[in-house]
Amino acid sequence: MRRPFKAPPTVKEGPRANREIRVPRVQLIDEEGKNRGIVSIEDALEAAQEAGLDLVEVSPNADPPVCKIADLGKLKYMSQKKAAEARKKQKTIEIKEIKMRPNIDTHDYETKMKAVRRFFEEGDKVKLTLRFRGREMAHLELGMKLLERVREDVQEIAKVEAEPKLEGRQMMMVLAPR
């Protein structure tokens, strides 16, 4: 037997306002920010109507709830603006990967280290991957020496987040900026 589709109830964004506030008494703050004390909801709605503004629930968990006489549209706009500003300021930390071989040449090593330093300046984490090929697996100590050298070279600007570990034919270490 098929049942008819029943949509979930809509969840309203933002604070409750005007007739949505269903409590007998509220702590009222007027449009100038003055506390008018505890008043009945009817008196609060009337005061908001006279001011040509909305009655907005500021603190619903207080006893009694705190309501303010304000412009609801302006309040929503300001909160959206604040949220957008916060999103703009936050930086996502990425993990950048640098691949090396255990017998890397000195010039190649320096080039890779320049890139590592640049990633740390940008605030990103760096995952160093050492790939072992063929008989290089017999000389894992060369890989450990190389990762220790990297650790010492970036000691003042970075800290080790994940110690060097061997996974199959690769040795990995994760560094994070200080």
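## The four-stranded sheet

In this predicted model, four strands make up an open sheet whose order is β5-β6-β8-β7, and the pairing within this sheet is mixed. The edges are formed by β5 (95-100) and β7 (158-167), each of which pairs on one side only. On average, and with direction ignored, neighbouring strands of the sheet are turned by 20° against each other.

At one of these edges, β5 pairs with strand β6 (residues 125-131) in the parallel sense, and the pairing runs over six bridges. Within this part of the sheet, Ile98 stands opposite Leu128 in β6.

## Helices packed on the sheet

Helix α3 packs on the sheet and touches β5, β6, β7 and β8 (170-177), while the direction of α3 makes about 175° with that of β5. Helix α4 likewise lies across β5, β6, β7 and β8, and α4 runs at about 10° to β8.

## The contact between α3 and α4

Two packed helices are described by the angle between their axes and the distance between the axes. For helix α3 (residues 106-121) and helix α4 (residues 140-153), the axes come within 12 Å and cross at roughly 50°. Roughly parallel is reserved for angles under 35 degrees and roughly perpendicular for 65 to 115, and α3 and α4 are therefore oblique to each other. The crossing in which α3 passes α4 is right-handed.

On the α3 side, the contact is made by Tyr109, Glu110, Met113 and Arg117, and on the α4 side by Leu146, Arg149, Val150 and Asp153. Sorted by residue class, the contact of α3 with α4 comprises four nonpolar and four charged residues, with no polar residue taking part.

## Annotated domains

Two domain annotations come from the UniProt record, in both cases from an unreviewed entry. The feature "domain: Translation initiation factor 3 N-terminal" is listed there for residues 18-86. In the model, this span of residues 18-86 is 38% helix and 32% strand, and its end C-alpha atoms lie 29 Å apart.

The feature "domain: Translation initiation factor 3 C-terminal" is placed by UniProt at residues 93-177. Over residues 93-177 the computed content is 35% helix and 36% strand, and the end C-alpha atoms of this stretch are 10 Å apart.

How values were computed: Residues are numbered from 1 along each chain as its sequence is written. This is a predicted model: local features need pLDDT of at least 70, side-chain atom pairs count only at pLDDT 80 or more; totals for chains, interfaces and linings use all residues. Side-chain values use heavy atoms; hydrogens and water are left out. Axes are lines fitted to C-alpha atoms, for helices over the stretch in contact, and angles run from 0 to 180 degrees between N-to-C directions. Helices (H or I, at least four residues) and strands (E, at least two) are DSSP runs, numbered from the N terminus. Angles under 35 degrees count as roughly parallel, over 145 as roughly antiparallel, 65 to 115 as roughly perpendicular and the rest as oblique. A crossing is left-handed if the near helix is turned anticlockwise from the far one by less than a right angle, and right-handed if clockwise. Contact means heavy atoms within 4.5 Å. Ala, Val, Leu, Ile, Met, Phe, Trp, Tyr, Cys and Pro count as nonpolar, Asp, Glu, Lys and Arg as charged, and the others, Gly among them, as polar. UniProt positions are given in the numbering used here, feature names are shortened, and annotations may be inferred rather than shown by experiment. Two strands pair if DSSP finds at least two bridges between them.
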